[in-house]
Each structure stands twice: as C-alpha cells, then as structure tokens.
Amino acid sequence: MSAALPLVVVYDRGAANVGEIAASLTKVAPLVFVTRHGSEHAEPLLPLLRDMGEVLTFRSTPDEIAGRLGAIGPGGITTFSEAMLGVTAELAAGLGLPWHSRETVRLLTDKFLQRRRLNETGTRGVAGWLLTRPEDWPEAVRQVGLPAVVKPVRGEGSRNTFRIDDFTEGRGLVAELLAAEPALVLEQFLVGRPSAPYGDYVSVESVASRGVVSHIAVTGKFPLLPPFRETGQFWPAPLPEEEQRCLRDLAGAAVRSLGITTGITHTEIKLTESGPVVIEVNGRLGGNINELSLRAAGLDLVELAGRVALGESVAPPPVAHDRVVFQYSNPAPPYPCRLDSVSGRRRLRETAGITGYRAWIRPGTHIGGGAMTNDLDLVLGEARDHTRMFGVLDEALPHLSFAFTPDASATPVDISAPGLPGLAAPSGG
C-alpha cells in the first residue's frame with residue numbers, strides 16, 4: 001500500500017456508497033476524496049471519508065483544489081456519481097490522468113448530443129430533438145412524431161420524464177417543464193417487443209481499460225411502472241447467448257463512439273421488434289450493479305474501477321451464471337407524502353430465496369413525489385432459474401406493507417401495491 005500512488009475519488013451521491021468504497025478501494029491505494037462544499041449528501045459523511053483518506057473540498061470550481069491535488073501526485077481518478085462527471089473530467093485533464101475527456105463527458109451528460117453522436121457514427125440510437133423554448137414544440141413533433149418521450153437534456157432517475165401522445169397536451173407539458181429545466185429532448189417513443197413477464201429493455205455492464213472495451217454482463221430488468229419508473233434487475237438476462245452477444249457488440253460500439261477509453265460504463269438498450277436500440281450510455285457504474293456482481297460472481301466492480309483508474313490493464317470475461325440473482329425495489333408514491341410505517345420486513349427476510357433487505361427511506365421521512373424513480377427499499381434474492389425468481393417474489397413481497405400520509409395539497413393517485421401485479425412467472429423451466 002505504501003508504494004501505491006493515491007487514487008482520487010470525486011464523491012457525491014452515486015452508484016457506490018461510503019461503505020462500498022471503504023470495503024473495495026482502501027485495499028487498492030491511499031485515497032483522496034474530492035467533494036463539493038455544501039453537498040447535501042457528502043457533507044454529513046465527511047467524518048467517514050476522513051477516516052479513509054484525505055478530503056479536499058471546493059466551493060465553486062475544482063480549480064480551487066487543483067494545485068493541492070497536483071502536489072499530492074495521484075496515480076488515478078474516478079467517480080461513481082453522475083453529478084460529478086464534469087468535475088472529474090476537469091481534474092483529470094489538469095492532472096494528466098486517464099479518464100473521460102471533457103468532450104466525452106459532454107456527450108455522456110447531454111442526452112441530445114449523445115443521441116446525435118450515436119446516430120452520426122452508425123450506432124443505432126433513439127432519434128431526438130432539442131427543445132429550449134416552448135416555441136420549439138411544433139418543429140420537434142414534426143421531426144420526431146408522436147407518441148414520443150420528453151425528458152431533461154441532463155438528468156438521471158427518470159426525473160421529469162413523460163410519454164406524450166397528444167400535441168396540445170404535450171405543448172402545455174413542455175412549457176411547464178421548461179420553466180424548471182433549461183433544456184429538454186423529445187425522443188422517439190420506442191415500442192418494446194412483447195417481453196412479459198420481463199422488461200423490454202436491458203443494460204450492458206462494461207469496462208474500458210487502455211482503450212479496450214470488455215463486457216461483464218447483460219442485465220435483465222423487471223417491467224417499468226408508469227411513466228418510466230424502474231422496479232428491479234437481475235443476472236443473467238433471460239436471452240439466448242447469440243442475442244446477448246449482439247447486445248454486447250452494440251454496447252461496445254456505443255461506448256467507443258463516445259470516446260470512452262477508461263472506466264466502467266452502463267449502457268441501456270431497448271429491445272424492439274426491429275432490433276435493439278441504444279437508449280443511453282452512462283459513463284459510470286450502474287446503480288446497485290456492484291451488489292449484483294458481488295453476489296453472482298464475487299467480482300467487485302468498485303475495486304475494478306479503482307484499478308482501471310490507476311492504469312492497470314483489465315479485461316474480465318463475461319460473468320458465467322449458475323443461478324439467478326435479483327434485486328427488486330418497491331417504488332415510493334408519485335405524490336408528496338410522508339412514509340409513516342413499514343411492516344413485514346422480518347417475514348420477508350425469512351422467505352426462502354430472499355438473501356437480504358435494505359430500507360432506503362425511514363418512517364417519518366417526507367417524500368417529494370414526482371415521476372422519477374424513487375425507491376423505498378431493495379429486496380435481494382436468488383433462485384435456481386427465472387421461473388423460481390418470480391415464485392420467490394410472489395411469496396415474499398406480500399409480507400411488506402407501507403403506510404403513507406399524503407400532503408394536504410397532494411392528490412393521491414393509484415399506485416401498484418408491492419409485488420408484480422398482473423404478471424405471471426414464465427411457463428416451463
């Protein structure tokens with residue numbers, strides 16, 4: 001450890017938490033954390049970060065700490081936070097360390113620019129049109145058509161993401177969203193091929209090391225809840241190997257087209273009747289993917305990200321699966337409310353096939369509502385095959401019960417109860 005050059009971790013809310021970083025990266029190299037002053041997520045965790053390494057905090061721009069970082073002489077830099085991709089790129093460029101270039105980060109964080117690049121380079125991506133004023137709406141519809149999906153140019157977790165079917169309603173929604181968002185992208189609505197009881201999209205988890213892209217796994221998904229809220233994922237995806245190979249090839253082409261040469265990537269792909277289409281490429285580890293990887297294969301992707309950042313050459317083969325490992329999340333209501341209580345967690349944990357339960361939101365917490373994915377918890381489990389996975393969830397999830405008090409100004413809407421309503425396990429197997 002004493003001979004290793006320090007690793008800079010630009011930290012905020014993201015796909016790796018303090019506990020995962022402590023378990024995975026403290027054994028790789030001495031750590032130096034960079035945080036933004038006043039971060040609602042990072043500020044309360046500063047004592048824990050200081051226990052693991054040095055902490056440097058900037059107020060306005062990362063230039064404030066560039067000199068101090070240069071004096072430390074780090075050997076690598078990484079982040080697991082979408083919000084800190086730009087900061088990491090600025091620091092990496094100034095320090096001469098391998099990571100995403102400024103241009104690559106522009107493409108990763110601007111959904112319109114990314115989709116344009118994918119299509120320009122022949123990678124099959126979703127078509128889109130930029131909206132910065134309500135007056136852009138008619139031309140956007142003419143270019144993209146309806147139905148379509150509108151979302152912020154920059155954002156994560158399906159924030160302010162809606163399907164639009166009607167021209168007039170869409171014009172009003174876009175005007176409302178542009179009052180809160182600097183820019184939107186209107187995207188072609190991709191009709192997924194019939195896939196029930198699974199979701200009609202997947203993600204491909206990859207690592208780029210010294211310009212070489214390797215693929216770790218194709219991640220299967222549970223169906224989305226309206227409008228576009230994710231409910232969970234699992235390894236392996238329920239697809240034949242030949243199709244998975246095509247998906248890995250598509251993800252690799254997308255990653256290379258954006259100029260990614262270093263780090264972990266998470267590429268979302270829609271499965272349509274006419275073939276797979278890239279939804280978006282994320283230039284960091286996917287949410288909760290490391291937990292899946294550790295259980296499925298003992299492969300620590302947080303550690304892998306650190307080693308790649310420090311210049312090690314890695315090319316892991318796709319994970320070989322001997323069972324199904326899964327995660328399921330109960331979504332919070334889409335209206336403002338308070339979580340009053342949760343019951344049944346002990347009985348859920350006692351269900352055969354359930355290996356763990358993590359509560360993300362404590363009783364008494366206010367929930368802001370909205371269309372974005374906002375998980376109450378994470379249910380962990382494993383099964384011999386996909387059919388049994390659904391059986392485990394059917395047995396376990398009804399034990400959980402959540403009580404909410406809506407805000408006085410909120411209009412409660414119908415939301416799905418815990419479980420996978422209306423879905424049956426696949427036949428056979």
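Me: Why is Thr 405 called partly exposed?

Reply: Happy to walk through this one, and please keep in mind that the model is predicted. Thr 405 has a relative accessible area of 31%. Buried would need a value under 20% and exposed a value over 50%, so with 31% Thr 405 falls in between and is partly exposed.

Me: Where does Thr 405 sit, and which residues is it in contact with, leaving aside its neighbours within four places in sequence?

Reply: Thr 405 belongs to strand β19, residues 401-406. With those neighbours set aside, Thr 405 is in contact with Cys 337, Arg 338 and Asp 340.

Me: What makes the pairing of Thr 405 with Asp 340 a polar contact?

Reply: The two side chains meet at 2.4 Å. The cut-off for a pair of N or O atoms is 3.5 Å, and 2.4 Å is within it.

Me: How far apart are Thr 405 and Gly 211 in sequence and in space?

Reply: They are separated by 194 residues in sequence and by 51 Å in space, C-alpha to C-alpha.

Me: On to the helices. Why are α4 and α5 called roughly antiparallel?

Reply: Helix α4 (residues 85-95) and helix α5 (residues 102-109) cross at roughly 175°, and their axes come within 9 Å. Angles over 145 degrees count as roughly antiparallel, so α4 and α5 earn that description.

Me: Which residues meet between α4 and α5?

Reply: From α4 come Leu 85, Gly 86, Ala 89, Glu 90 and Ala 93, and from α5 come Arg 102, Val 105 and Thr 109. Sorted by class, this contact has four nonpolar, two polar and two charged residues.

Me: And what makes α7 and α8 oblique to each other?

Reply: Helix α7 (residues 137-144) packs against helix α8 (residues 167-178) at an angle of about 125°, and the axes are 10 Å apart. Roughly perpendicular covers 65 to 115 degrees and roughly antiparallel begins over 145. An angle of about 125° belongs to neither class, so α7 and α8 are oblique. The crossing of α7 past α8 is right-handed.

Me: Which residues bring α7 and α8 together?

Reply: In α7, Trp 137, Pro 138 and Val 141 take part, meeting Phe 167, Gly 170, Arg 171 and Val 174 of α8. By class, five residues of this contact are nonpolar, one is polar and one is charged.

Me: How do you know whether Lys 151 is buried or exposed?

Reply: Its relative accessible area is 10%. The limit for buried is under 20%, so Lys 151 is buried. Lys 151 is located in strand β6, residues 148-152.

Me: What surrounds Lys 151, leaving aside its neighbours within four places in sequence?

Reply: Lys 151 is in contact with Lys 111, Arg 115, Asn 160, Thr 161, Leu 184, Val 185 and Glu 187 once those neighbours are set aside. With Glu 187, the side chain of Lys 151 makes a polar contact of 3.4 Å, which is within the cut-off of 3.5 Å.

Me: Why is helix α11 described as largely enclosed by the rest of the structure?

Reply: Eight of the nine residues in α11 (residues 301-309) are buried, so the description follows. Among them are Leu 301, Glu 303 and Val 308.

Me: What is found at the start of α11, and what comes just after it?

Reply: At the start, a side-chain oxygen of Asp 300 comes to within 3.1 Å of the backbone nitrogen of Val 302. Just after α11, Gly 311 has a positive phi of about 95°.

Me: What makes the phi values of Arg 210 and Asn 288 worth pointing out?

Reply: Most residues other than glycine have a negative phi. Arg 210 has a positive phi near 55°, and Asn 288 has a positive phi near 65°. Arg 210 lies in the loop between β9 and β10, while Asn 288 lies in the loop between β13 and α10.

Me: Why is Arg 210 called exposed, and Asn 288 partly exposed?

Reply: Exposed means over 50%, so Arg 210 qualifies at 63% relative accessibility. Asn 288 has 26%, which lies between 20% and 50% and therefore counts as partly exposed.

Me: Which residues does the cis peptide bond with omega about 0° join?

Reply: That bond joins Leu 146 and Pro 147, and Pro 147 is in the loop between α7 and β6.

How values were computed: Residues are numbered from 1 along each chain as its sequence is written. This is a predicted model: local features need pLDDT of at least 70, side-chain atom pairs count only at pLDDT 80 or more; totals for chains, interfaces and linings use all residues. Side-chain values use heavy atoms; hydrogens and water are left out. Axes are lines fitted to C-alpha atoms, for helices over the stretch in contact, and angles run from 0 to 180 degrees between N-to-C directions. Helices (H or I, at least four residues) and strands (E, at least two) are DSSP runs, numbered from the N terminus. Angles under 35 degrees count as roughly parallel, over 145 as roughly antiparallel, 65 to 115 as roughly perpendicular and the rest as oblique. A crossing is left-handed if the near helix is turned anticlockwise from the far one by less than a right angle, and right-handed if clockwise. Contact means heavy atoms within 4.5 Å. Ala, Val, Leu, Ile, Met, Phe, Trp, Tyr, Cys and Pro count as nonpolar, Asp, Glu, Lys and Arg as charged, and the others, Gly among them, as polar. Buried means under 20% relative accessible area, exposed over 50%, partly exposed in between (1.4 Å probe, protein chains only). A polar contact is a pair of N or O atoms within 3.5 Å; within protein, one must be able to donate a hydrogen and the other to accept it, and residues adjacent in sequence count only if both atoms are side-chain atoms.
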